[in-house]
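Here are a few friendly notes to read alongside the model. Please keep the picture open and find each spot as you go.

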Amino acid sequence: MLASRACDDTLKLWDLRMFKSPIFVAKDLFSRYNTTDCMFSPDDTMVVTGQSLNKGAQNGKMLFYNSTTFDVVNQISVTNSHVIKTLWHPKLNQVFVGCGNGIVKVYYDPKKSMRGAKLCVVKTHTKQKHIEIMSTQQIITPHALPLFRQDRPKSVRKQMEKDRLDPVKSRRPDLPITSGQGGRVASSGGTLSSYVIRNLGLSKRIEDDQDPREAILKYAKIAEEKPYWIAPAYKRTQPRTIFQTDDQDGGLSNKRQKQ
């Protein structure tokens with residue numbers, strides 16, 4: 001079978017075995033362009049063609065003919081211009097229509113069509129971000145009091161130089177201590193560990209020249225009167241304190257020497 005679309009406003013269906021005359025002829029199909037074509041559907045059951053916009057008509061049409069009886073199965077009003085090209089994609093199962101006003105339309109079935117235009121339909125439109133800008137006019141009053149006088153807008157370079165002098169905006173670190181000796185570390189102790197402990201609040205001022213033996217012996221009397229760690233642990237198993245004597249210590253040392 002062969003379908004032809006001519007400028008004589010006809011659509012013809014031919015049998016290649018009898019090519020002298022067409023089998024079916026559809027007339028009054030206005031065609032303004034010689035590139036107006038026709039095509040078979042993927043299953044060869046229909047013939048599709050486009051119709052140009054005739055004088056007095058409002059919309060160009062796309063017509064579907066039954067290839068067996070050549071009856072009009074369906075017609076679709078496409079746009080207010082000429083319908084020139086038609087393409088029925090066999091895999092996507094979608095019909096693409098090219099119009100005279102530069103528009104290309106795609107027709108698809110939500111259930112039978114695959115991918116193609118369906119991928120675009122699923123996508124949601126991104127919302128445009130609206131930015132509101134409020135501009136205020138500056139009133140220059142040269143004779144106003146300093147309290148009510150407004151600063152004139154400065155350049156970016158001058159504003160950066162002004163911010164550089166501001167310790168808060170420039171994030172200036174703490175300046176070193178000029179008075180005394182040793183700086184900040186010496187104010188809390190002579191070592192870095194004492195300085196850290198002092199700042200964390202874990203201890204009071206630590207003197208580096210303090211004798212550790214004297215610091216421990218200060219709590220000897222309190223430990224004898226109110227034992228807290230060792231004595232309560234042996235209260236049941238060993239209520240009486242037993243210490244090692246010097247003789248036992250000497251005997252152990254002699255055994256080690258003999259070995």
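1. In which helix is I230 found? Look for helix α7, which covers residues 230–233, and you will see I230 there. Please keep in mind that this is a predicted model.

2. Is I230 buried or exposed? With a relative accessible area of 64%, I230 counts as exposed, because the word "exposed" is used for values over 50%. I230 also has company: together with Y228, W229 and Y234, I230 forms a nonpolar patch on the surface. The accessible area of these four residues together is about 610 Å².

3. Now step back to the whole protein. You should be able to find 8 helices and 10 strands. Of the 259 residues, 19% are buried. The accessible surface comes to about 22400 Å², and carbon and sulfur atoms account for 55% of that surface. As for contacts between residues at least 6 apart in sequence, 27% of them join residues at least 24 apart.

4. Next, try strand β5, residues 46–51. Why can β5 be called largely enclosed by the rest of the structure? The reason is that 6 of the 6 residues of β5 are buried, and buried here means under 20% relative accessible area. Follow the side chains along the strand: M46, V48 and G50 point one way, while V47, T49 and Q51 point the other way. Residues on both sides are buried.

5. Which strands pair with β5? One of them is β4 (residues 38–40), which joins β5 in the antiparallel sense over 3 bridges. To see the match, find C38, which stands opposite T49 in β5. The hairpin of β4 and β5 has 5 residues between the strands. In that hairpin, D44 takes a positive phi near 60°.

6. Strand β6 (residues 60–66) is another partner of β5, again antiparallel, with 6 bridges between the two. A good pair to look for is Q51 and K61: K61, in β6, is the bridge partner of Q51. Recall that Q51 is one of the buried residues of β5.

7. Finally, look at the start of the chain. UniProt, in an unreviewed entry, places the feature "repeat: WD" at residues 1–17. In the model, this stretch is 59% strand and 0% helix. How far apart are the end C-alpha atoms of residues 1–17? They are 9 Å apart.

Methods: Residues numbered from 1 in each chain as written. Predicted model: local features only at pLDDT ≥ 70, side-chain atom pairs only at ≥ 80, totals over all residues. Heavy atoms only, no water. UniProt positions renumbered as here; feature names shortened; annotations may be inferred. Helix = DSSP H or I, 4+ residues; strand = E, 2+ residues; numbered from the N terminus. Patch = residues over 30% accessible without salt bridge, like charges linked within 9 Å, V, L, I, M, F, W, Y side chains within 5 Å. Areas by Shrake-Rupley, 256 points an atom, 1.4 Å probe, with all protein chains shown as cover. Salt bridge = Lys/Arg side-chain N within 4 Å of Asp/Glu carboxyl O. Buried < 20%, exposed > 50% of the residue type's maximum accessible area, 1.4 Å probe, protein only. Contact = heavy atoms within 4.5 Å. Pairing = 2+ DSSP bridges.
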